[in-house]
Amino acid sequence: MAVVGGGIVGLSVAWHLQRYDVEVVVLEQGRIGEGASWGNAGWLTPALARPLPDPHVLRFGLRALLDPASPVYLPPTADPATWRFLLGFARHCTTPAARRAMAALAPLNRQAIAAFDELADVHAVPRTRDAQPFLACFGSTQEAMALVRELQDLEEHGQRPHFDYLTGPQVHAAEPALGAGVAAAVALRGQRYLHPPLFVASLRAAVEEAGGVVREGSTVTGVRRDVAGLRVVTATGEDLRVDAVVLCGGAGSGDLLREHGVRRPVQAGRGYSFSVTGAEVPSGPVYFPVERIACTPLHDPWVTERDEQWRPLPVTPRLRIAGMMEFRPHGAPLDPRRIEAIVAAVRPLLPGVDLDDRQDEWVGSRPCTTDGLPLIGPTRTPGVHVATGHGMWGVVHGPLTGRLLAEQVVTGRASPLLRPFRPTR
Ligand SMILES: Cc1cc2nc3c(=O)[nH]c(=O)nc-3n(C[C@H](O)[C@H](O)[C@H](O)COP(=O)(O)OP(=O)(O)OC[C@H]3O[C@@H](n4cnc5c(N)ncnc54)[C@H](O)[C@@H]3O)c2cc1C
């Protein structure tokens, strides 16, 4: 079988297909894991994994678009496809639609961490880290209460995140690196985080160790069905005969999906990240929800049984800072003004961090859908399946997606959890 796209989703699908003794080839147009799966914040936070379309997000987004320093950016020259996506997105920003989407995601959230442990238990990947705690930081109690209400609402969907409300002095005692303007925090328990490039590199190694073939520089231009079965065609003229294909191209999936009857667009919601050090750096993951900024320490030694293998990766031990939602085409170059906007927002929040010594500046595309739900399952072409559209939460839901979709591809049994994510919905 072929998997198109070597990000966290494609590699998770490949790994789980191998559990059924399936021979797998992963075709990646660039290098493995250099899409959204490289520069993300690495949060494994089921308590925060909500669908993006929501009445609050719409209100915030409309206000933010008018502010050049905001964490959301839509260029005045946006193309018609982007406008169509945004209109479709806005239509899903109602309370009933958001509640339905949350009801669909909550069962994935409840099993997400176990899916990571399943991989770590067999040493396929490093064990993910407990955030002790995961701090969401605010300038006022009122702002913090909005998150508290969201967390309480999760009970309706069977998610019961443990959290404490911290006053200003409590939060500064818990995390001395925070700036004086942080006046309240929500300390979430039971959330985890990982080192994104190391995680993806380890998953790739696990797929190869199990006999999988990984081909980099292999851009899939078409998947065709003829009398003899399925053919995967690449830009370099390769023509592979396969039993089944899983399309996991992230924000670059669009054309391939349309060929197989998947009409729902996958739009790039571009995010930026970079890494820093400094005199005082947070010791655990820190979130600034109002500024939409995520910080994750990548500086601890990630001790694992296979450390030697991962050490040569070009990621320095630093704090990663990520943010921004920019609606420009997937593949457009990095815009330094977006990095500057993140830097300006972070400066007062983390005064001990040296924001002028930045490394690994990066832009990548979250694969976003109008209803905020991923596309997981069969297309209209027999044997052609999809796993993409995970938007803000492809790390949280990647390994579980792999497990559920591999089961469906190999056995034909579709987990009821996947029903809301039918690609042809
Ligand atoms: C700034 C930022 C922070 C984020 N933080 C988090 C977080 O903390 N937690 C979380 O859960 N999620 C987070 N996300 C989202 C997460 O990164 C994505 O949802 C996830 O990485 C998507 O994985 P993927 O495998 O679907 O896509 P990708 O990682 O983009 O992989 C798709 C791969 O397919 C390849 N490809 C595409 N088309 C073709 C083709 N035709 N032929 C061959 N190969 C092809 C691409 O080159 C790419 O490597 C964040 C995203 C961003 C941008």
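**View A. Strand β14 pairs with β21 in this predicted model.** Three bridges join strand β14 (residues 245-247) to β21, and the two run parallel. Val245 has Val384 as its bridge partner in β21. On β21 there is a second pairing, with strand β20 (residues 375-378). Here four bridges are formed, and the strands run antiparallel. Gly377 has Val386 of β21 as its bridge partner. β20 and β21 form a hairpin with five residues between them. In the turn, Gly383 has a positive phi of about 90 degrees.

**View B. Strand β21 is covered on both faces.** Strand β21 spans residues 384-388, and five of its five residues are buried. On one side lie Val384, Val386 and Thr388. His385 and Ala387 lie on the other side.

**View C. Val13 sits in the largest nonpolar core.** This core holds 126 residues. Val13, Cys137, Ala185 and Val245 touch the most other members. Helix α5 (residues 95-121) gives the largest share of the core, 10 residues. Which residues does Val13 touch, not counting residues up to four places away in sequence? They are Val3, Val246, Cys248, Ala387, Gly402, Leu405 and Ala406.

**View D. A shell of 42 residues lies around the ligand.** Gly7, Gly35, Gly250, Gly271 and Gly394 come nearest. Several elements each supply at least two residues of the shell. They are the helices α1 (8-19), α2 (36-39) and α12 (394-411), with the strands β15 (267-276) and β19 (359-368). How many residues of the shell are nonpolar, polar and charged? The shell divides into 17 nonpolar, 22 polar and three charged residues.

**View E. Helix α11 has a buried side and an exposed side.** The helix spans residues 336-346. Its buried residues are Arg338, Ile339, Ala341, Ile342, Ala345 and Val346. These residues cover an arc of only 155 degrees around the axis, so they lie on the same side of α11. Which residues are exposed on the other side of α11? Pro336, Arg337, Glu340 and Ala344 are. The buried residues of α11 are covered by elements that include β4 (72-73), β15, β17 (293-297), β18 and β19.

**View F. Pro348 lies in the loop between α11 and β19.** Is Pro348 buried or partly exposed? With 13 C-beta neighbours inside 10 Å, Pro348 counts as partly exposed. Pro348 and Leu178 are 170 residues apart along the chain. Their C-alpha atoms are separated by 8.5 Å. Pro348 is also in contact with Gly179 and Gly181, leaving aside its neighbours within four places in sequence.

**View G. Met324 and Asp360 have positive phi values.** Neither residue is a glycine. Phi of Met324 is about 85 degrees. Met324 belongs to strand β18 (residues 319-326). Because 22 C-beta neighbours lie inside 10 Å, Met324 counts as buried. Phi of Asp360 is near 55 degrees. Asp360 belongs to strand β19. Because 17 C-beta neighbours lie inside 10 Å, Asp360 counts as partly exposed.

**View H. Three strands form an open sheet in the order β3-β9-β5.** The pairing is antiparallel. Why is one side of β3 (43-44) and of β5 left without a neighbour in the sheet? Both strands stand at the edges, each with a single partner strand, so one side of each has no neighbour there. Two bridges join β3 to strand β9 (residues 192-193). In this pair, Trp43 stands opposite Tyr193 in β9.

**View I. A cis peptide bond leads from Gln132 to Pro133.** Its omega is near -5 degrees. Where is Pro133 found? Pro133 is in the loop between β5 (129-130) and β6 (134-138). Strand β5 is also one of the edge strands of the open sheet in View H.

Key. Residues are numbered from 1 along each chain as its sequence is written. This is a predicted model: local features need pLDDT of at least 70, side-chain atom pairs count only at pLDDT 80 or more; totals for chains, interfaces and linings use all residues. A residue is near a molecule or strand if its C-beta atom, placed from the backbone, lies within 6 Å of it. Ala, Val, Leu, Ile, Met, Phe, Trp, Tyr, Cys and Pro count as nonpolar, Asp, Glu, Lys and Arg as charged, and the others, Gly among them, as polar. A residue is buried if 20 or more other C-beta atoms lie within 10 Å of its own, exposed if 12 or fewer, and partly exposed in between; C-beta atoms are placed from the backbone. The arc is that of the directions from the helix axis to the C-beta atoms. Two residues are in contact if their C-beta atoms, placed from the backbone, lie within 7 Å. Two strands pair if DSSP finds at least two bridges between them. A nonpolar core is a set of buried Ala, Val, Leu, Ile, Met, Phe, Trp, Tyr and Cys residues joined through C-beta atoms within 7 Å.
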